[in-house]
Amino acid sequence: MAITGECFCGDVTYKINGALRDGKSCHCSRCRKAFNAQASACAAVEPQEFQWLTGEDQLTSYVNQQGYGLQFCGKCGSTLCTVYQGQVFQVSLGCVNGDPEIEIGQHIFVGSKARWEVLPEGITQYAEAPV
């Protein structure tokens, strides 16, 4: 069964014909700004299994010099996905409709988390990215 997702205003929608994998939450200062939250919550997808259904022309992108970036709805600002070299390779779990059937397995860059964030004990966490 396909996984679907959408932005806050519903103008941009997508479908994934496959499973999500490698759920993670990044607590670095850049993700806090990009996701306007204490951390990001994303899961990997196979680029060939991802498809925009509506609103692709409404996407706004921020891409760095290395080709990594984020795509946002140009209307409501929802961060929908992470791209590399123009291909979607992660989706923001907050924009997935229903139960994505995945859990956050790793909390990364907790060494630079916000001082006001308190992480629960017993979670898998890394000060930076896992090797």
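## Exercises: a small tour of strands and salt bridges

In this predicted model, 3 strands form an open sheet in the order β1-β2-β5, and their pairing is antiparallel. Let us work through some exercises together.

**Exercise 1. Find which strands are the edge strands of this sheet.**

Step 1: Start from the order, which is β1-β2-β5.
Step 2: Look for strands that pair on one side only; these are β1 and β5.
Step 3: To add the twist, note that it averages 25° from one strand to the next.

**Exercise 2. Find how many bridges join β2 and β5, and which residue stands opposite I16.**

Step 1: Recall that strands of a sheet pair through backbone hydrogen bonds, in either a parallel or an antiparallel way.
Step 2: For β2 and β5, the pairing is antiparallel and runs over 4 bridges.
Step 3: Opposite I16 you will find F50, in β5.

**Exercise 3. Work out where the partners K75 and D11 sit in the chain, and whether each is buried, partly exposed or exposed.**

Step 1: The whole structure holds 3 salt bridges. In one of them, K75 joins D11, with the closest N and O atoms 3.2 Å apart.
Step 2: K75 lies in the loop between β7 (68-73) and β8 (79-84), while D11 lies in the loop between β1 (3-6) and β2 (13-16). The pair is 64 residues apart and so links distant parts of the chain.
Step 3: K75 has a relative accessibility of 60%, so K75 counts as exposed, the cut-off being over 50%. D11 has 25% and is partly exposed.

**Exercise 4. Do the same for E46 and R21: where are they, and how exposed is each?**

Step 1: E46 and R21 form a salt bridge whose closest N and O atoms are 3.0 Å apart.
Step 2: E46 belongs to the loop between β4 (42-44) and β5 (50-54), and R21 to strand β3 (residues 21-26). With their positions 25 residues apart, this pair too links distant parts of the chain.
Step 3: The relative accessible area is 29% for E46, which is partly exposed, and 39% for R21, which is also partly exposed.

**Exercise 5. Decide for D22 and K24 which class each falls into: buried or partly exposed.**

Step 1: The side chains of D22 and K24 meet in a salt bridge, at 3.0 Å from N to O.
Step 2: D22 is at 39% relative accessibility, so D22 counts as partly exposed.
Step 3: K24 is at 18%; because buried means under 20%, K24 counts as buried.

Conventions: Residues are numbered from 1 along each chain as its sequence is written. This is a predicted model: local features need pLDDT of at least 70, side-chain atom pairs count only at pLDDT 80 or more; totals for chains, interfaces and linings use all residues. Side-chain values use heavy atoms; hydrogens and water are left out. A salt bridge is a side-chain nitrogen of Lys or Arg within 4 Å of a carboxyl oxygen of Asp or Glu. Helices (H or I, at least four residues) and strands (E, at least two) are DSSP runs, numbered from the N terminus. Buried means under 20% relative accessible area, exposed over 50%, partly exposed in between (1.4 Å probe, protein chains only). Two strands pair if DSSP finds at least two bridges between them. Axes are lines fitted to C-alpha atoms, for helices over the stretch in contact, and angles run from 0 to 180 degrees between N-to-C directions.
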